Amino acid sequence: MKVLKAIFNFYINSSVHVALAVYSMTWVTIIQFELSYDTNALYFILLASISGYNFVKYFGLTKFHHRNLANWLRVIQVFSAIAFILMSYYFFQLKSNTCILILVLGLVTFLYAIPLIPKKYLFDEHQNLREVGGVKVYIIGLVWSLVTVLIPLLNAEVEFSTDVVITVFQRFCLVIALMIPFEIRDLKYDSLKLSTIPQKIGLKKTKIIGMLLLLVFLFLEFYKNELVYSSVISALIITFLMFLFLIFSSEKQSKYYSAFWVEALPIIWLVILLLII
């Protein structure tokens, strides 16, 4: 039992679960736009998510405690390094326009973790974007939506259309809603200077905002030029499930409520789509 628990914790802590969520959202885009499975784009996004998330999460620890790293962190470092090497291979298999977008998003991720921003714009010693009051959730929403929608479409050389813009905005709304249980979970730990959504407007209003975002996500499906039965049904199901997770979100949620179950919703979305197409 201890071995299984250790494996599961590694699965969560090494960002494999969140990487699968990003990978699943990207595959959802491919299905929605009726494209062929893009191995290079999907594997790049999976591996980049692992290395990128681990870089953001553990940069401070490796910087200040390198000589005294715990064994689990050393394993994650090696795992992330392997993911980065494999990611680099798939990067060079992508189209040039896709690579340009990736480099821009990579720069945003870098600034999100690395202390380079002038202190006059910040609140404490951490000079990075994740510490700027009120922007963390929106940066994550923007990056996820651009990665999971634009990268596969650019790599497939799909022409930009109204449906593409709608899908990007849908994905942004969904990701912000997905982030809300995490924001609620961290409410008692986050500095007030971070100005998270629950800190600014309270728990009840935050949940209402999340529900409104989900309704926007759902209703926008009906404004697309090509209304697809499988996309509508899967959007309805995922909206309903996310509604439930929002309703039952609390500061005292279980350890894996957000870190596993909420983050599993994009994977569930993909499974639903694969079952009904």
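This section describes the fold, salt bridges, aromatic pairs and one pocket of a predicted model.

The secondary structure consists of 12 helices and zero strands. Along the sequence the order of elements is accordingly α-α-α-α-α-α-α-α-α-α-α-α. Of the 277 residues in the protein, 49% are buried. Among contacts between residues at least 6 apart in sequence, 70% join residues that are at least 24 apart.

Three salt bridges are found in the structure. One of them joins the side chains of Lys-95 and Glu-157, with an N to O distance of 3.9 Å. Lys-95 is located in the loop between α4 (71-91) and α5 (96-113), and Glu-157 in the loop between α6 (136-155) and α7 (162-185), so this salt bridge ties together parts that are 62 residues apart in sequence. Lys-95 is partly exposed, at 36% relative accessibility, whereas Glu-157 is exposed, with a relative accessible area of 59%. The latter assignment follows because the value for Glu-157 is over 50%, the cut-off for an exposed residue.

A further salt bridge is formed by the side chains of Arg-185 and Asp-186, at 3.0 Å from N to O. Asp-186 has a relative accessibility of 17% and counts as buried. Arg-185, at 25%, counts as partly exposed. The two partners fall into separate classes because the limit for a buried residue is under 20% relative accessible area, a condition that is met by the 17% of Asp-186 but not by the 25% of Arg-185.

In the salt bridge between Lys-224 and Glu-221, the N to O distance is 3.4 Å. Both side chains belong to buried residues: the relative accessible area is 10% for Lys-224, and the relative accessibility is 3% for Glu-221.

Lys-224 and Glu-221 also appear in the lining of the second largest pocket. The space in this pocket amounts to about 230 Å³. Besides these two residues, the lining contains Gln-32, Phe-33, Glu-34, Ser-161, Asp-163, Thr-167, Asn-225, Glu-226, Val-228 and Ser-231. Sorted by class, two of the lining residues are nonpolar, five are polar and five are charged. The salt bridge of Lys-224 and Glu-221 thus involves two residues of the pocket lining.

Aromatic contacts were searched over the whole structure, and 13 aromatic pairs were found. Among them, Trp-27 and Tyr-37 form an edge-to-face pair, with 4.9 Å between the centres and an angle of 75° between the planes. Trp-27 is part of helix α2 (residues 16-32), while Tyr-37 lies in the loop between α2 and α3 (39-64); the two residues are 10 apart, and the pair links distant parts of the chain. Tyr-37 is partly exposed, with a relative accessible area of 34%.

Tyr-89 and Tyr-90 form another aromatic pair, also edge-to-face, at 5.0 Å centre to centre and with 75° between the planes. This geometry is classed as edge-to-face because the angle of 75° is over 60 degrees. Tyr-90 is buried, with a relative accessible area of 17%. In addition, Phe-8, Tyr-11, Tyr-256, Phe-260 and Trp-261 form one aromatic cluster.

Terms used:
Residues are numbered from 1 along each chain as its sequence is written. This is a predicted model: local features need pLDDT of at least 70, side-chain atom pairs count only at pLDDT 80 or more; totals for chains, interfaces and linings use all residues. Side-chain values use heavy atoms; hydrogens and water are left out. Rings of Phe, Tyr and Trp (its six-membered ring) pair if their centres lie within 6.5 Å; planes under 30 degrees apart count as stacked, over 60 as edge-to-face and the rest as tilted. Helices (H or I, at least four residues) and strands (E, at least two) are DSSP runs, numbered from the N terminus. Buried means under 20% relative accessible area, exposed over 50%, partly exposed in between (1.4 Å probe, protein chains only). On a 1 Å grid over the protein atoms alone, a cavity is a set of points where a 1.4 Å probe fits but cannot get out, and a pocket is an open set with protein on both sides within 12 Å along at least five of seven lines; lining residues have an atom within 4 Å of a point. Grid points are joined across faces, edges and corners, and a volume is the space filled by probe spheres set on the points. Ala, Val, Leu, Ile, Met, Phe, Trp, Tyr, Cys and Pro count as nonpolar, Asp, Glu, Lys and Arg as charged, and the others, Gly among them, as polar. A salt bridge is a side-chain nitrogen of Lys or Arg within 4 Å of a carboxyl oxygen of Asp or Glu. Contact means heavy atoms within 4.5 Å.
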